[in-house]
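Here are some short exercises to work through with the model open in your viewer. Try each task yourself before reading its solution.

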Amino acid sequence: MKKETACIHPLIDQRSKEFGVTVPINTAVAYEYAGNEELKYPGFLSTPNQKRLGMIVARLEGAQYGIAFSSGMSAITCSILAMIKAGDHVIFAKEIYGGTMKFAEEELIQRGAACSFAKTNLKNLELCQQKNTRAVFIESPSNPLLNISDLKAISAWAKAQGIVTIIDNTFATPVNQQPLDMGIDIVVHSGTKYLGGHNDLMFGAIATNNEAYYQDILAMAKIYGGALDAASCYMAERSIKTLGLRVKQQNDSANRIAHFLEEHPKVKQVYYPGLISHPKHATAARQMLGFGGIVSFEIEQSAGTSDHFLPRLKVIQHALSLGGVESLISVPVLTSHAGLKPAQRQELGINDSLLRLSVGIENTEDLIEDLNTALEELSS
Ligand code: PLP
């Protein structure tokens with residue numbers, strides 16, 4: 001099945017004539033014992049809807065196993081905790097979501113694990129590797145500069161060293177990128193973003209083909225919690241039906257917007273993996289089916305700051321989060337990367353004038369006009 005069809009019929013083999021063409025919301029979290037058989041919905045996986053949602057994300061990622069969580073962070077923390085123990089070492093990509101970074105820097109260290117942060121090319125990974133390196137955690141494309149890691153090269157290297165690879169595939173979505181096909185072991189998602197897609201639902205998910213990893217993550221989930229209620233699971237399932245369509249539109253729009261911005265005299269720099277000027281464009285083109293809906297850019301300092309630019313936008317909203325149907329724009333130094341020290345931000349190339357635009361599914365011409373009008377109103 002092509003991705004748009006898979007989003008609508010992810011569990012085609014489990015259709016039931018008993019219900020309509022959508023599934024019922026089954027809120028029961030307790031089931032009578034029918035005999036000595038194993039409980040159908042034990043502990044953490046307590047409703048049929050939650051079980052289904054895990055399977056749906058697994059199918060979209062080409063995985064055998066999947067688990068739905070109540071947030072991206074619960075999926076991320078349970079996956080990492082399941083893979084490491086005290087005395088292990090984990091390599092994290094330097095550019096990762098702030099919450100994951102905080103977890104690595106503050107929580108993992110307290111649990112007796114060591115962490116390194118690296119730019120994710122093989123040379124750096126090799127330099128960071130220690131005898132006790134157990135896992136590598138990456139994001140590609142990364143936030144907010146849309147850096148691309150070579151997934152095949154990293155997974156091949158890690159496999160040869162016996163290191164587990166985990167990728168946060170939130171930015172790409174399973175429509176644009178299939179990391180497990182490229183040898184990555186575990187995919188994690190903040191479903192709050194593209195999978196949910198409407199800025200009204202928080203959830204997370206993991207997907208893997210490794211049964212032992214699945215069982216270990218499930219065991220962590222049972223301890224730490226983060227189950228998702230049946231109604232939210234239904235909402236997520238409903239949202240995923242339009243994921244293929246939404247992402248296709250977001251890819252097309254973001255690509256056109258990135259080209260428009262690149263040509264604009266008041267724009268200093270544009271970061272988008274679909275642009276030939278992106279340093280990893282060739283890698284992105286090889287491993288992604290679409291370049292995604294996020295475009296980051298810097299306005300020429302002489303033209304003004306984000307304080308001048310953002311209030312002039314009428315359609316695009318100045319708000320945090322990404323991946324939804326509404327186009328949102330944010331300032332990474334004040335939001336996702338506010339917790340970093342100025343030197344850390346400088347090292348990553350994240351400066352005060354950087355803006356991150358999450359392109360929604362509005363008409364592309366309207367979005368370009370909105371950006372153009374706001375840019376034109378800045379001083380020349
Ligand atoms: N991963 C990425 C790439 C994110 O952008 C976010 C949230 O912004 C998360 C994970 C955390 O997800 P959640 O907010 O669903 O806990």
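Let us warm up with one ring: Phe69 is buried, with a relative accessible area of 0%, where buried means under 20% relative accessible area, exposed over 50% and partly exposed in between, using a 1.4 Å probe and protein chains only. Bear in mind that this is a predicted model, in which local features need pLDDT of at least 70 and side-chain atom pairs count only at pLDDT 80 or more, while totals for chains, interfaces and linings use all residues. Residues are numbered from 1 along each chain as its sequence is written, and side-chain values use heavy atoms, with hydrogens and water left out.

**Exercise 1. Describe the ring pairs, starting from Phe44 and Phe69.**

Step 1. Rings of Phe, Tyr and Trp (its six-membered ring) pair if their centres lie within 6.5 Å; planes under 30 degrees apart are stacked, over 60 edge-to-face and the rest tilted. Searching the whole structure gives six aromatic pairs.

Step 2. For Phe44 and Phe69 the centres are 5.4 Å apart and the planes stand at 50°, so this pair is tilted.

Step 3. Now place the two rings. Phe44 sits in the loop between helix 1 (3–8) and helix 2 (48–60), and Phe69 in strand 1 (residues 65–69), so the pair ties together parts 25 residues apart in sequence. Helices (H or I, at least four residues) and strands (E, at least two) are DSSP runs numbered from the N terminus. Phe44 is buried at 5% relative accessibility.

Step 4. Move on to Tyr272 and Phe291, an edge-to-face pair with 6.5 Å centre to centre and 70° between the planes. Tyr272 belongs to the loop between strand 8 and helix 11, and Phe291 to the loop between helix 11 and strand 9, so they join parts 19 residues apart in sequence. Tyr272 is buried, at 1%.

Step 5. Finish with the cluster in which ring pairs link Phe92, Phe117 and Phe137.

**Exercise 2. Which residues of helix 14 are buried, and what covers them?**

Step 1. Helix 14 (residues 364–376) has 13 residues and spans 18 Å from first C-alpha to last, close to the 18 Å expected at 1.5 Å a residue; the expected span is 1.5 Å times one less than the number of residues.

Step 2. The buried residues are Thr364, Leu367, Ile368, Asp370, Leu371, Ala374 and Leu375. They cover an arc of only 155° around the axis, which puts them on the same side of helix 14; the arc is that of the directions from the helix axis to the C-beta atoms.

Step 3. An α-helix has 3.6 residues a turn, so residues three or four places apart point the same way.

Step 4. The cover includes helix 10 (243–263), strand 8 (267–271), strand 9 (294–299), helix 12 (306–309) and strand 12 (354–358), with contact meaning heavy atoms within 4.5 Å.

**Exercise 3. Which residue forms a salt bridge with Glu365?**

Step 1. A salt bridge is a side-chain nitrogen of Lys or Arg within 4 Å of a carboxyl oxygen of Asp or Glu. The whole structure holds 12 salt bridges.

Step 2. The partner of Glu365 is Arg256, with the closest N and O atoms 2.3 Å apart. This pair links distant parts of the chain, Glu365 in helix 14 and Arg256 in helix 10, 109 residues apart.

Step 3. Check exposure: Glu365 is partly exposed at 45%, and Arg256 is partly exposed at 41%.
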